[in-house]
Amino acid sequence: MNSAKRPNVILILADDMGFADIGCFGSEIKTPNIDGMMAKGTALSAMYNCARCCPTRASLLTGLYPHKAGIGHMTADFGSPAYQGFLRNDSVTIAEALRRNGYKTLMSGKWHVGGEFGPRDYDDWTPGDVKHPTAKQRGFDRFFGIHDGACSFFSPHYLMEDDGRIEIYDDDFHLTDAISDKAVAMIEDNTKEEAPFFLYLAYTAPHWPLHAHQEDIAKYDGVYNQGWDFIRTSRHEEMNGRKMVLNPWDISPRDSDAPAWKAIEHKDWEAAKMATYAAMVDRMDQGIGKVLDSLRRLDIEDNTLVLFLSDNGGCAEFMAEDGWAQFYPKETHNGIQVTMGNHPEIRPGGADTFQSYDLPWANASNAPFRLFKHWVHEGGISTPLIVQWPDRLRPQGPRHEATHVVDILPTILEATGSSYPNDFGGHEVQPIDGESLLPLLSGRDWQRQKPIYWEHEGNMAIRDGEWKLVKRDGQDWELYQMDEDRTELNDLSSRNKPMVDRLSKEHAAWCQSVGVRDWTEVAAMLRQKWGMDGVD
């Protein structure tokens, strides 16, 4: 393929954003730029991730299931290739594959596939050593962002540009804006190059902590005063009205751990948390708009493939001062004291807070599905994939075939006419697990050739065609016919034991082949190390 005609590629990843959080999928949150991408291209309604931040990122970047990429759980090293906590040398990232095929490779945002660092001892961090590979060591020519799983949006504790740490001195700094602005600058810098570019734009929004600009929060003042049940129902009805999903499935009941809105004492505070979360999604969309505007300004929009998705479902984690919050600085770069945890007397959003929006609102984010990030029921693993490429992809309505983040790498390789190596850096490379989605995105008939597999923290699933077998850690298998019941309300396991037996055996064989370890063993090591089941 002539390099002058090869497309640029932008892969945009949101962090902890639920299935129903963007406008074109029924949300009240204003996302005109993401919605505009769908109007120019298409949406895949059954795109799946890996239920958690860094497993999804590892899988997305390599086209391999997380264990085969080295991140079977998170970034802690548990002494086996599947659980080493950083990308394996027998995997190849999209950036490595494209750079060897003539692309400039750019990244702005969250890395989180480069090993584990000790909390708080930031001056002792060693990004770039053998167990902490950086983005630049895994194929990217340029990098701006964070290596950790989360940080203050106003005062990141460890921000890097290329190979060095940089300090924040600007009191108006906000990480979402910085990620967007740096991406635009990288694109503009690349106009001096003859090579096409690949940009991995990996936002930290809307992952906790709830940090947003006050003018954005103000847009959603009063929007959430009717509570999470109202929002769930409204989003579900809007989604069905727009025909964004295959069938108008019944919405799953409110999660059993989510109280009724009328029983809530601090309604204003709860509404303020969701308004701040919405503001974070809104600001991310504004940043995506800046990036898309730069493509138009440089007259390269038509020949740029842009993909947008989220790394997992909405996050039900409750931010407590003795939980994840304890691992982050209690003071900003300019000396502001941070109050850690979800305290109703403290309004969320500012640099002096560190809060989360909690389980009931995550239940609304994931409408109409069950469960959340961490779990592999639909609420934990479902994300829309929004794609535009004006030169090659005509606008079409949403497609509903089951797809997975392992499919992104082979799709990009086919779109760019790039090859995948058999060996790289002196290592024999594992074959790709994914399948190219380019025929599907082009409006042609497409059928998945292999099942899709999941395992995270003992939660397991396999989807083969219209059938999904799924279980929570320590519980029995459940069986669902996904075309008729994607909200997983009618368990058919007792009525179709042959299907349960077949799929469970296939899943067990997959677990053995990729090196899945017993979650009880891994959880015990995590508790010994951190006093909790991991840090994200």
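Which residues of helix 1 (residues 32-40) are buried? In this predicted model, they turn out to be I34, M37 and M38. These three span an arc of only 95 degrees around the axis, so they sit on the same side of helix 1. That fits a familiar bit of helix geometry: with 3.6 residues a turn in an α-helix, residues three or four places apart point the same way. On the face turned away from the buried side, helix 1 carries the exposed residues P32 and A39.

What does the buried side pack against? The buried residues of helix 1 meet strand 2 (42-48), helix 8 (267-297), strand 8 and strand 11. A residue from each of the last two strands helps to fill in the picture.

Take strand 11 (residues 382-388), where Q388 is found. Q388 has a relative accessible area of 1%, so it counts as buried, the cut-off being under 20%. Setting aside neighbours within four places in sequence, Q388 touches G36, M37, K40 and G41, and its other contacts are L292, E301, T304, L305 and V306. M37, one of these partners, is also one of the buried residues of helix 1.

Strand 8 (residues 304-310) contributes L309, which is buried with a relative accessible area of 0%. The C-alpha atoms of L309 and I34 are 9.9 Å apart, although 275 residues separate the two along the chain. With neighbours within four places in sequence left aside, L309 is in contact with L11, I12, L13 and A14, with M47 and L60, and with T383, P384, L385 and V405.

Note on methods
Residues numbered from 1 in each chain as written. Predicted model: local features only at pLDDT ≥ 70, side-chain atom pairs only at ≥ 80, totals over all residues. Heavy atoms only, no water. Helix = DSSP H or I, 4+ residues; strand = E, 2+ residues; numbered from the N terminus. Buried < 20%, exposed > 50% of the residue type's maximum accessible area, 1.4 Å probe, protein only. Contact = heavy atoms within 4.5 Å. Arc of directions from axis to C-beta.
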